[in-house]
Amino acid sequence: MSAETLDNLSSENRTFAPSPEFAAQANAQPGLYDEASRDGVAFWERQAEALVWDRKWDTALDWSNAPFAQWFVGGKINASVNALDRHVSEGHGGRIAFHFEGEPGDTRDISYAQLLTDVSKAANALTEMGITSGDRVAIYMPLIPEAAVAMLACARIGAIHSVVFGGFSADALLSRIQDADAKLVITADGGFRKGAAFALKPAVDEALKGETNVKQVLVVKRTGQETAWDDSRDIWWHDIVDRQHSTHTPEFFDSEHPLFILYTSGTTAKPKGIFHTTGGYLTQVAYTHKVVFDLKPKTDVYWCTADVGWITGHSYMVYGPLINGATQVMYEGTPDTPHKGRVFELVEKYGVTILYTAPTLIRTWMKWGEEFPNQFNLSSLRLLGSVGEPINPEAWIWYRHVIGGNRCPIVDTWWQTETGAIMISPLPGVTATKPGSAMRPLPGISAKVVDDNGVPVGDGHGGYLILDKPWPSMLRGVWGEEERFKETYWSRFEGIYFAGDGAKLDDDGAIWLLGRVDDVMNVSGHRISTTEVESALVSHEAVAEAAVVGAADAMTGQGIVAFVILRGGVEHVEGEELVKELRNHVAKEIGAIAKPRQIMVVNELPKTRSGKIMRRLLKDVAENRAVGDATTLADPNVMKLISEGLKSASSED
Ligand code: WTA
């Protein structure tokens, strides 16, 4: 973290207290902090009681086998019953669950009763296809209601879903199918993005040329485009789901039954299959959704702009909001199609009251200009949320002023795929917020900032963000990799969860997130590891060695900058052509989100005498800074050559 960033932060002293009107009606009142600090486990038990259990738990928390936690042990629960059946049986079946808006402008309003029918039919179809409790199902879909239906149908029958973001490549899909040993893939012919149909099914076909145990592929018809078909394996969703019985009697599963696996980047090339279980996860997503977003299910219209392929889509588009009976907007496409005011147009159209989005989009809106939001009536909004990366104070103020009309509290929510639910955030009716700070841990959560020895740093100092008490929605492990779980999260500080983020406490004890301290980049709020991109690059025949850094980027937070050394004696294209080929190669290996912003061909990489690449120096170059101390380099001249070269290197999109 640069000294400059720290200085900027310490000069930020504006605060915004909630209005008395907001505070008075808020779901979360100030007493919540004391209540939780008196007895954290009892506090979580009270939150769990808000769910529908078929059998109540015997033990709230078993931490005897740390770091493997068990919450609400002995309880029996069904996630889909909590999301759907309960609302219908309480008389709210007619309430809209999703206002779906396709990118081309097609719409569907889906009520809770309808969603329950859709999920019941899909659950019956999965059962007919031989899927049973514990089986893994890969879901590779555009952002359409069937994606949520597929997840809930899996949960309903105890199958474990593994959603793979639709922007990932066939290779990335294959490795995730293999790692989880999925039996079934649920996909679509394609989806709509940036004004055109894109295909998804061909990537599944390509992936399944690899060694897998996938027996069937269930395909939703979304675009109607020409689709290659394997009769022995592929089944249209409408052919099997539509003819099913419209009711389904759910079974109840152990609180610790796995609910889903979601792959995320770590510091090695192989993504980690983070897995979550049922009772604790549902408890914390429902509680946080209620207190952080202040949801009033009868009157609010809530919109989380994330894709189901990420944890935010799991926790705050599917499970949390549905358990709380929310009415949501689900939008398939991009924010600039067919015009740059699309999101604001939808806020006006549906009367959105709560908007949850990412800093990268807020900065993009700032760049496009106020004329787009100003064309629409945004007065329905009453609360704004931010997630995925630190939000810079300028963007925060712009969000508050231009989108929120200076009347909406902003909740900057810090959490991770691993934490499952929000951990650090203001409470909107309680906390006086500071632009750019996630403020403090939620009631029930213990987070600290510590130094190298694990000692809390105290106000006014920076260090590592850690979580020192188990929480209900914590990951239960890395799928199939027990040692890696312990090593990655619990070994830096004995018995304490280290999140990988740096943070600073200001003089009032408010938390300022400073970004990753490990080799994980954050590009538009997406986690990508430097090693993952490096190994994609060296898998290209022209590349001998690669070093990748995340460089500060005004729009995307970080941009991927790669330095590559070419292999001698290999015939390959050169210059611009080669750079283009390498960028496309990374997109093919991982997905378009991992395409380097810049690739520079170099003759040597800066290495220490022991051969370790000094990424810190490459980062200086990539961020156009004077190169820091290079005295430990084996060849001090290397950096000069690289700096000169980068100035003339190409950059794109
Ligand atoms: C970063 C997304 C600052 C952080 C929910 C974390 C944030 C990683 C914030 C997790 C925030 C997320 N302020 N940084 N409000 N929210 N991050 O797993 O580095 O995709 O470790 O989960 O994003 O990313 P993930």
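This is a short talk about four backbone spots in the structure above.

Hi everyone, thanks for coming. Please keep in mind that this is a predicted model. I'll start with the cis peptide bonds and then turn to positive phi angles.

Let's begin with P67. Where does P67 sit? Its place is in the loop between β1, residues 59-62, and β2, residues 70-73. If you click on the bond from A66 to P67, you'll find that the peptide is cis, with omega near 5°.

Now please scroll along to P338. This proline belongs to the loop that runs between β17 (327-331) and α13 (342-350). The bond joining T337 and P338 is a cis peptide bond too, and here omega is about -5°.

On to the phi angles. S524 is not a glycine, yet its phi is positive, near 50°. You'll find S524 in the loop between β26 (520-523) and β27 (526-529). So how accessible is S524? Its relative accessible area is 22%, and because partly exposed covers the range from 20% to 50%, S524 counts as partly exposed.

My last stop is N624. What is the phi of N624? It is positive, about 55°, although N624 is not a glycine. This asparagine lies in the loop between α20, residues 615-622, and α21, residues 638-648. Is N624 buried or exposed? Its relative accessibility is 70%, so N624 counts as exposed.

To recap for your notes: the cis bonds are A66 to P67 and T337 to P338, and the positive phi values belong to S524 and N624. Thanks for listening!

Key. Residues numbered from 1 in each chain as written. Predicted model: local features only at pLDDT ≥ 70, side-chain atom pairs only at ≥ 80, totals over all residues. Heavy atoms only, no water. Helix = DSSP H or I, 4+ residues; strand = E, 2+ residues; numbered from the N terminus. Buried < 20%, exposed > 50% of the residue type's maximum accessible area, 1.4 Å probe, protein only.
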